[in-house]
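Hi everyone, thanks for coming. I'd like to walk you through a structure that is probably new to most of you, so have a look at it first.

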Amino acid sequence: MGDSVLPPPRHIAIIMDGNGRWAKSRGLPRTAGHAAGAEAFRRIANYCRSLGVEYLTVYAFSTENWRRSGEEITGIMGLLEKYLREALADMDKNRVRFRFFGDLSRLSEKLRALCRDAENRSGSYDVQVNFCLNYGGRDEIVRAARAFAQAAARGAADPEALTEETFSGYLYSAGVPDPELIIRPSGEKRISNFLLWQAAYAEFVFQDILWPDYQPEDLDAAIAEYHRRSRRFGGA
Ligand code: IPE
Ligand code: IPE
Ligand code: MG
């Protein structure tokens, strides 16, 4: 591990998928899969930091995931709280900064307070983790459009002057460069409403590994695959 000679992308995004199947294959409840998924996240976030990745964006809960059973949702929210509480205690040691992408208003007050505390901590850090919670790419774009329209209506923004760059400033990801690499483990080959705007020129790597099993070597493999791609951005 760590033997890839080429530098990693600045920004890696991951759809952390396959927790349910991992649990099912072991005869465990789905929540046990999410707990193992949280461990995989810790492992991979630490590894990203050691590689010098600047931004790691992870899909933890989508706007569509509310369709799951109350039991599973409560389990996931409980694990998120536990994770954030521990992350807050270790933030300086882990040299990580957090941002949250998504509509947090639907989360419990306790969870929102933890998100706020994590976001407001301003120590020095090596890696920024963007945690996508109640996140949907379409929802993000609609909110940005609404915010821009409201600014225009009160005379604070000029529709004629709107550019891709200024529009990006209304997204949850304002100020964060687009991910060069988007990874989806679990064997599914779809985007599931993740980073629709930001993914415009990302390289996609799909891996047949369930997220709780994901290891630093698997990230090395994804980065190596990324380096084999020829990124043309529409040029010849
Ligand atoms: C991803 O794993 C975690 C969340 C969506 C919260 P899944 O729970 O979707 O796992 P599978 O896809 O059912 O295996
Ligand atoms: C995407 O995975 C969302 C997260 C990983 C948080 P899903 O498991 O919800 O996506 P689908 O349902 O397979 O498209
Ligand atoms: Mg899934």
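I'll go from the overall fold to the empty spaces and then to the aromatic rings. Keep in mind that this is a predicted model.

Okay, the overall picture. The protein has 7 helices and 6 strands. If you read from the N terminus, the order goes β-α-α-β-α-β-α-β-α-α-β-β-α. Its radius of gyration is 18 Å, close to the 18 Å you get from the globule rule for 236 residues, so the protein is as compact as a globular protein of that length. The C-alpha trace spans about 55 × 50 × 35 Å along the principal axes. And 46% of the 236 residues count as buried.

Now, the empty spaces. Rolling a probe the size of a water molecule over the atoms shows where empty space is left. The largest pocket comes out at about 590 Å³. It has 27 lining residues, and the ones closest to its centre are Met16, Asn19, Tyr59, Ala60 and Asn65. So which elements supply at least two residues each to that lining? They are helix 1 (19–25), helix 2 (30–51), strand 2 (55–62) and helix 3 (70–94). Helix 2 has the largest share, with 5 residues. As for chemistry, the lining of this pocket is made of 13 nonpolar, 8 polar and 6 charged residues.

The second largest pocket holds about 210 Å³ of space. Here 14 residues form the lining, and closest to the centre you find Asp178, Trp197, Gln198, Ala200 and Tyr201. By class, that's 7 nonpolar, 2 polar and 5 charged residues.

There are closed spaces too: we count 2 cavities of 30 Å³ or more. The largest cavity has about 40 Å³, and helix 3 and strand 3 (96–101) are the elements that give two or more residues to its lining. That lining splits into 3 nonpolar, 3 polar and 3 charged residues. The second largest cavity, at about 30 Å³, has 5 nonpolar, 4 polar and no charged residues around it. Gln198, by the way, is one of the residues lining this second cavity, and as we just heard, Gln198 also sits among the residues closest to the centre of the second largest pocket.

On to the rings. How many aromatic pairs does the structure hold? The count is 17. Let me show you two. Tyrosine 83 and phenylalanine 131 have ring centres 5.8 Å apart and planes at 25°, so this pair is stacked. Tyrosine 83 is in helix 3 and phenylalanine 131 in strand 4 (residues 127–135), so the pair ties together parts that are 48 residues apart in sequence. Are these two buried or exposed? Tyrosine 83 has 10% relative accessibility and counts as buried, and phenylalanine 131 is buried as well, at 3%.

The other pair is tyrosine 135 with phenylalanine 194, and it's edge-to-face, with 6.3 Å between centres and 85° between planes. Tyrosine 135 belongs to strand 4, while phenylalanine 194 is in the loop between strand 5 (181–184) and strand 6 (203–206), so this pair links parts 59 residues apart in sequence. Both residues are buried.

Back to tyrosine 83 for a second: ring pairs join Phe41, Tyr83, Phe98, Phe100 and Phe131 into a cluster. And one last contact: arginine 106 has its charged end over the ring of tryptophan 66, 4.1 Å from the ring centre.

That's my tour, thanks for listening.

Conventions: Residues are numbered from 1 along each chain as its sequence is written. Chains are lettered from A and ligands numbered from 1 in the order in which they are written. This is a predicted model: local features need pLDDT of at least 70, side-chain atom pairs count only at pLDDT 80 or more; totals for chains, interfaces and linings use all residues. Side-chain values use heavy atoms; hydrogens and water are left out. On a 1 Å grid over the protein atoms alone, a cavity is a set of points where a 1.4 Å probe fits but cannot get out, and a pocket is an open set with protein on both sides within 12 Å along at least five of seven lines; lining residues have an atom within 4 Å of a point. Grid points are joined across faces, edges and corners, and a volume is the space filled by probe spheres set on the points. Helices (H or I, at least four residues) and strands (E, at least two) are DSSP runs, numbered from the N terminus. Ala, Val, Leu, Ile, Met, Phe, Trp, Tyr, Cys and Pro count as nonpolar, Asp, Glu, Lys and Arg as charged, and the others, Gly among them, as polar. Rings of Phe, Tyr and Trp (its six-membered ring) pair if their centres lie within 6.5 Å; planes under 30 degrees apart count as stacked, over 60 as edge-to-face and the rest as tilted. Buried means under 20% relative accessible area, exposed over 50%, partly exposed in between (1.4 Å probe, protein chains only). A charge sits over a ring if NZ of Lys or CZ of Arg is within 6 Å of the ring centre and within 35 degrees of the ring normal. The radius of gyration is taken over C-alpha atoms; the globule rule is 2.2 Å times the number of residues to the power 0.38.
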